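Here are some short exercises to work through with the structure in view. Try each task yourself before you read its solution.

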Amino acid sequence: MIIDIKSKNYLDKILENSKQYLERQFNEKQLKIFYKTIENLSECDSEVEIIKQFSNIYINFVKRQLQEKYKYSDNNLKNFINSPNSNIKIIWGDVYKVLKALDSESIHLMITSPPYYNARDYSTWNNLNDYLHDMEKIIIEAYRVLDNHRVFVFNVGDVFDNDNLTTRSVWGKRRIPLGAYFIKIFEEVGFTFVDDFIWDKGEVQSERQKNSNRPYPFYQYPYNCYEHILIFHKHRLDKIKYPCPLCGSLKVNGNTQSEIGIQSWECKNYDCFVRSESNRGKRFSLKTKITQSKQTIENIIDDEAIKKWRRDIVKFSPVIKINSKGENILGHTAPFPEEIPEMAVKFFSYIGDKILDPFAGSFTTAIVAKKLNRIAIGVEINKNRFRENILKNIRNKLGSKIEIDEYDYL
Ligand SMILES: C[S@@+](CC[C@H](N)C(=O)[O-])C[C@H]1O[C@@H](n2cnc3c(N)ncnc32)[C@H](O)[C@@H]1O
């Protein structure tokens, strides 16, 4: 291979500028490994490539440092989700325990619809508070496991039910604003609530009147025809210096926080390729550094998807799971339509990213993620009840040759 002398010099230049920051960030042992890892960069054939690779290696090293602080991850489970193949990955188990066993910031996007509060035979809690408490424990772990500056898409309906807190009679029934309660929980855990798409489920199928056939005041309740698709961002404030995207130097100074939880930086390398008229350096954050470097052709979102989700009320039909003979053809009582994970995957992830559905159900998220060339991972607790139908559903949608890996964490 021909070594480009200019490029070799350029790596030296970055190191010259960044040495003191590297020494501050890494201990002696880590630094040794870091230098060993970047050694071959001098063989890159352009300065741009050196800057890109130096930056990626540095970001990965910083992430490893964070991950090493967490002592409860399980190596076998980690190897399972990190295995380089692109098979659908099913983890059987309680998602709270599964998340506890995963590395911090190791998943790029989470998409789910949680078990319904008491609306299904497989989901019963004593009362609303017990349910929300269980969900909060899971959301705390989800926050830790989701990568920084990434997204959790959470589909939930406001159900008409009894909260079972004061009365258990039918009079205790009311619309329970689960969307609002979940927003509060997510915010308390650290997420930023950013958006709420209202999924308009169309006309109700049932002819049954919800007014007990009494056309009098105080007996009228509307049918529930919508659900929320809530968008939460994770922005853990990270004050670690990152290399300037233009010159690769770590000689950067802290600027203001551009959004809550997002630290922005300004390049202070006076030899940087671009400086403003007033001699200010490039301003950037880790978030802009990642999003701008991934704006490649394969990550372009198709016009149809952008158009479909242009408004915050979006109409599409729920999944029809019962056939004309009254049989459940999916073997699961609560699948969401592919439209939800399709929007989530296209809008909030890149090709090759790891997508996790913590309450995978019939694995709709995984099926869509796989179709869109992402790594599809789902966690489901009810193995005995759903396994056979889940495997059948995945094979129906992705073809009988699809490779499925299973891991028991029950
Ligand atoms: C609303 S369904 C999800 C449906 C899914 N979006 C689909 O398209 O099929 C919720 C699922 O969460 C599962 N579940 C409930 N509690 C769980 C837990 N602690 N860990 C993992 N899965 C759980 C239930 O068995 C159920 O299949």
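## Exercise 1: Two residues with positive phi

Phe218 sits in the loop that links β6 (192-200) to β7. Keep in mind that this is a predicted model.

**Task.** Is Phe218 buried or exposed, and what is its phi? Then do a similar check for His149.

**Solution.**
- Step 1: Look at the accessibility of Phe218. Its relative accessible area is 79%, and exposed means over 50%. Phe218 is therefore exposed.
- Step 2: Turn to the backbone. The phi of Phe218 is near 75°, which is positive in a residue other than glycine.
- Step 3: Move to His149, which belongs to strand β3. His149 is not a glycine, yet its phi is positive too, at about 65°.
- Step 4: Check the cover. The relative accessible area of His149 is 13%, and buried means under 20%, so His149 counts as buried.

## Exercise 2: The chain as a whole

**Task.** How many helices and strands does the chain have, and what share of its residues counts as buried?

**Solution.**
- Step 1: Count the elements. The chain contains twelve helices and 14 strands.
- Step 2: Picture the box. Along the principal axes, the C-alpha atoms fill roughly 85 × 50 × 40 Å.
- Step 3: Find the buried share. It is 47% of the 410 residues.
- Step 4: Look at the surface. The accessible surface comes to about 22,000 Å², and carbon and sulfur atoms hold 50% of it.
- Step 5: Look at the contacts. Among those with a separation of 6 or more, 71% are between residues 24 or more positions apart.

## Exercise 3: The largest nonpolar core

**Task.** Which residues of the largest nonpolar core touch the most other members, and which element supplies the largest share?

**Solution.**
- Step 1: Find the best-connected members. This core has 43 residues, and those touching the most others are Leu99, Met110, Tyr131, Phe152, Leu178, Phe182 and Phe191.
- Step 2: See where the members come from. The elements that each give at least two residues include α5 (95-100), β2 (107-112), α6 (128-145), β3 (146-156) and α7 (178-189). The largest share, nine residues, belongs to α6.
- Step 3: Zoom in on Leu178. Beyond four places in sequence, its contacts include Tyr117, Leu128, Tyr131, Leu132 and Val156.
- Step 4: Look elsewhere. Another core lies apart from this one; it has 32 residues, including Ile90, Ile231, Ile355 and Phe386.

## Exercise 4: Buried side chains with charge

**Task.** Which side chains make polar contacts with Glu141, and which one with Asp353?

**Solution.**
- Step 1: Place Glu141. It is part of helix α6. Its relative accessibility is 8%, and the limit for buried is under 20%, so Glu141 is buried.
- Step 2: List its neighbours. Leaving out residues within four places in sequence, Glu141 is in contact with Tyr70, Tyr96, Leu99 and Lys100.
- Step 3: Pick out the polar contacts. The side chain of Glu141 pairs with that of Lys100 at 3.5 Å and with that of Arg144 at 3.0 Å.
- Step 4: Compare sequence with space. Glu141 and Lys100 are 41 residues apart along the chain, while their C-alpha atoms are separated by 6.4 Å.
- Step 5: Go to Asp353, found in the loop between α10 (339-348) and β12 (354-357). Its relative accessible area is 4%, so Asp353 is buried.
- Step 6: Find its partner. The side chains of Asp353 and Arg150 are joined by a polar contact of 2.8 Å. Asp353 also touches His108, Arg374 and Ile375.

## Exercise 5: Around the ligand

**Task.** Which residues come nearest to the ligand, and how much of its exposed area does the protein bury?

**Solution.**
- Step 1: Survey the shell. Of the 21 residues around the ligand, His332, Ser362, Thr364, Glu380 and Asn382 come nearest.
- Step 2: Sort the shell by class. There are twelve nonpolar, seven polar and two charged residues.
- Step 3: Check the backbone. A polar backbone atom of Val95 is 2.9 Å from a nitrogen atom of the ligand. For Ile381, a polar backbone atom is 3.3 Å from a ligand nitrogen atom. In Phe336, a backbone N or O atom lies 2.9 Å from an oxygen atom of the ligand.
- Step 4: Finish with the area. Taken alone the ligand exposes 610 Å², and the protein buries 95% of that.

Note on methods
Residues are numbered from 1 along each chain as its sequence is written. This is a predicted model: local features need pLDDT of at least 70, side-chain atom pairs count only at pLDDT 80 or more; totals for chains, interfaces and linings use all residues. Side-chain values use heavy atoms; hydrogens and water are left out. A nonpolar core is a set of buried Ala, Val, Leu, Ile, Met, Phe, Trp, Tyr and Cys residues joined through side-chain atoms within 4.5 Å. Buried means under 20% relative accessible area, exposed over 50%, partly exposed in between (1.4 Å probe, protein chains only). Helices (H or I, at least four residues) and strands (E, at least two) are DSSP runs, numbered from the N terminus. Contact means heavy atoms within 4.5 Å. A residue is near a molecule or strand if one of its heavy atoms lies within 4 Å of it. A polar contact is a pair of N or O atoms within 3.5 Å; within protein, one must be able to donate a hydrogen and the other to accept it, and residues adjacent in sequence count only if both atoms are side-chain atoms. Accessible areas come from the Shrake-Rupley method with a 1.4 Å probe; for residues, only the protein chains shown count as cover. Ala, Val, Leu, Ile, Met, Phe, Trp, Tyr, Cys and Pro count as nonpolar, Asp, Glu, Lys and Arg as charged, and the others, Gly among them, as polar.
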